[in-house]
Amino acid sequence: MTSSLPATPAPSLAQRVDLVMEGGGVKGIALAGALEVLEERGYRVNRVAGSSAGSIAGALATAGISGTTMVKILRETDYRKFEDGPWWTRSIIGKGLSILLHNGVHRGEYLKSWLTEQLTAHGAPGRTGTFADLLYEDPDPEHQLEGSRKYRLVVTASDLSAGRLRYLPTDADAFGTTPAQLRVVDTVRASTSIPLFFRPVRSKNAFGKPAVLVDGGMLSNFPVSVFDRPEGELPRWPTFGIKLSAKPEADFGVENRIRGPLSFGKAVVDTVTGFYDRMHIDSSHSVARTIFIDTAAVRPTNFDLSSEERELLYRKGRKAATDFLDGDHEQEPWDFARYVARFRAQ
């Protein structure tokens with residue numbers, strides 16, 4: 001089945017773009033660098049989905065904050081303040097005790113106050129701080145979204161109690177609330193809860209039972225097809241993925257060298273946490289629409305980032321986006337009509 005829609009969008013929609021951004025702890029400035037390039041080329045952010053650092057960048061972008069302003073914010077941020085555990089967690093023993101008592105070292109409260117401050121200072125005026133600020137209006141009246149799907153931002157979080165991935169605010173009813181009541185910074189806080197590093201977010205589900213939420217990347221760090229139209233319907237504008245890893249050589253898998261118990265354990269974790277995304281991207285031909293930023297030189301939890309490391313991440317983000325749009329020795333320049341003809345017009 002094929003759609004009667006044209007392979008290329010109408011001129012008024014030509015530069016509209018949906019984004020799906022991967023998480024990566026402190027590496028968010030690389031995402032901002034890529035966003036800056038897209039905006040310089042005339043792309044306008046439509047909707048954003050993200051986990052962890054991707055959810056932070058998404059919250060800023062959908063609040064109307066430009067890529068250039070985002071870069072400035074992230075350059076000036078003191079990431080060490082995100083490590084807001086009590087004083088006694090500075091020692092290894094204290095960290096272990098905090099994990100035993102609270103399932104994580106750092107409270108995560110500074111992250112919420114920091115994000116609130118940025119949204120207030122740089123975002124559009126008159127905001128409530130809830131998803132009510134982010135209502136999505138489709139340019140085509142016949143394609144308006146309904147209910148909890150009609151929002152410009154989608155934040156992923158892993159619900160350990162239910163053993164499933166949550167898309168917020170789409171799954172707001174699972175927690176007995178509505179998108180209009182759900183605070184954006186609270187969903188971002190849940191999505192950035194790196195296990196053991198940050199304390200998980202504890203809530204109640206719709207039945208009043210405990211719900212424990214952690215980093216969305218535990219189940220899907222890259223939900224690249226979240227905005228895709230149903231099979232048989234052609235996309236009207238592109239969805240770009242922005243991934244904080246190098247482009248895979250052959251497939252989306254990662255080679256794990258297993259030499260002992262520790263490397264075996266790491267391989268198990270890497271396989272479990274990455275399987276969904278590998279299956280997802282392979283089945284949807286998403287490599288062709290993804291900007292791959294090689295950020296392997298920086299650890300996600302390196303909150304003591306030097307100015308040189310920040311500049312490295314930023315430059316890598318800009319270069320990856322430029323190479324994606326203009327092409328390089330590994331790929332053709334981005335062409336939406338060609339992408340649709342190859343992967344979506346079947």
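In this predicted model, Arg166 is a convenient place to enter the structure, since it is a buried residue with a relative accessible area of 10%. Its side chain meets that of Asp159 in a salt bridge, with 3.0 Å from N to O. Asp159 likewise counts as buried, its relative accessibility being 3%, so both charged partners of this bridge fall under the 20% limit that defines burial.

The setting for this pair is a protein chain of 346 residues, of which 49% count as buried. Its secondary structure comes to 9 helices and 10 strands. Among contacts between residues at least 6 apart in sequence, 74% join residues at least 24 apart. The chain exposes about 16,800 Å², and carbon and sulfur atoms supply 55% of that area.

From the chain as a whole one can turn to its charged contacts, since the structure holds 18 salt bridges. One of them joins Asp18 to Arg47, with the closest N and O atoms 2.8 Å apart. Because Asp18 belongs to strand S1 (residues 16-21) and Arg47 to strand S2 (residues 44-50), this pair ties together parts that are 29 residues apart in sequence. Asp18, at 1% relative accessibility, counts as buried, and Arg47, at 10%, counts as buried too.

The salt bridge between Lys319 and Asp323, whose side chains meet at 2.6 Å from N to O, is set within a single helix. Both residues lie in helix H8 (residues 307-326), where they are 4 residues apart, about one turn of the helix. The two partners fall into separate accessibility classes: Lys319 is exposed, with a relative accessible area of 53%, whereas Asp323 is buried, with a relative accessible area of 18%. Here the cut-offs matter for the reading, because exposed means over 50% and buried means under 20%. Elsewhere, Glu36, Glu40 and Arg318 are linked in a network of salt bridges.

The nonpolar interior comes next. The largest nonpolar core contains 73 residues, and within it Leu19 and Phe240 touch the most other members. Helix H1 (residues 28-40) gives the most to this core, contributing 8 residues. A second, separate core consists of 6 residues, among them Val20, Val154, Val224 and Phe227.

Phe240 repays a closer look, for its contacts reach several of the residues already met. Leaving aside residues up to four places away in sequence, Phe240 touches Val17, Asp18, Leu19, Val20, Leu38, Tyr43, Arg289, Phe324, Leu325 and Trp334. This list includes Leu19, which shares with Phe240 the distinction of touching the most other members of the largest core. It also includes Asp18, the partner of Arg47 in the salt bridge described above, and Val20, which is assigned to the second core.

Phe240 is also part of an aromatic cluster, whose members are Tyr43, Phe240, Phe324, Trp334, Phe336, Tyr339 and Phe343. A search of the whole structure finds 15 aromatic pairs. For Trp334 and Tyr339, the ring centres are 5.5 Å apart and the planes stand at 40°, so the pair is classed as tilted. Both of these residues are buried.

Two further sites lead outward from the interior. Arg75, in helix H3 (residues 67-76), counts as partly exposed because its relative accessibility is 36%. Not counting residues up to four places away in sequence, Arg75 touches Ile29, Arg310, Glu311 and Tyr314. A related separation can be given for Ser306, since the C-alpha atoms of Arg75 and Ser306 are 10.0 Å apart although their positions lie 231 residues apart along the chain.

The other site is a nonpolar patch on the surface, formed by Leu97, Leu100 and Leu101, which together have about 330 Å² of accessible area. Of these, Leu100 is found in helix H4 (residues 92-102), and with a relative accessible area of 71% it is exposed. Leu100 thus offers a counterpoint to the residue with which this account began: Leu100 is exposed at 71%, while Arg166 is buried at 10%.

Conventions: Residues are numbered from 1 along each chain as its sequence is written. This is a predicted model: local features need pLDDT of at least 70, side-chain atom pairs count only at pLDDT 80 or more; totals for chains, interfaces and linings use all residues. Side-chain values use heavy atoms; hydrogens and water are left out. A nonpolar core is a set of buried Ala, Val, Leu, Ile, Met, Phe, Trp, Tyr and Cys residues joined through side-chain atoms within 4.5 Å. Buried means under 20% relative accessible area, exposed over 50%, partly exposed in between (1.4 Å probe, protein chains only). Helices (H or I, at least four residues) and strands (E, at least two) are DSSP runs, numbered from the N terminus. Contact means heavy atoms within 4.5 Å. Patches are made of residues with over 30% relative accessible area and no salt bridge: like charges are joined within 9 Å, nonpolar side chains (Val, Leu, Ile, Met, Phe, Trp, Tyr) within 5 Å. Accessible areas come from the Shrake-Rupley method with a 1.4 Å probe; for residues, only the protein chains shown count as cover. A salt bridge is a side-chain nitrogen of Lys or Arg within 4 Å of a carboxyl oxygen of Asp or Glu. Rings of Phe, Tyr and Trp (its six-membered ring) pair if their centres lie within 6.5 Å; planes under 30 degrees apart count as stacked, over 60 as edge-to-face and the rest as tilted.
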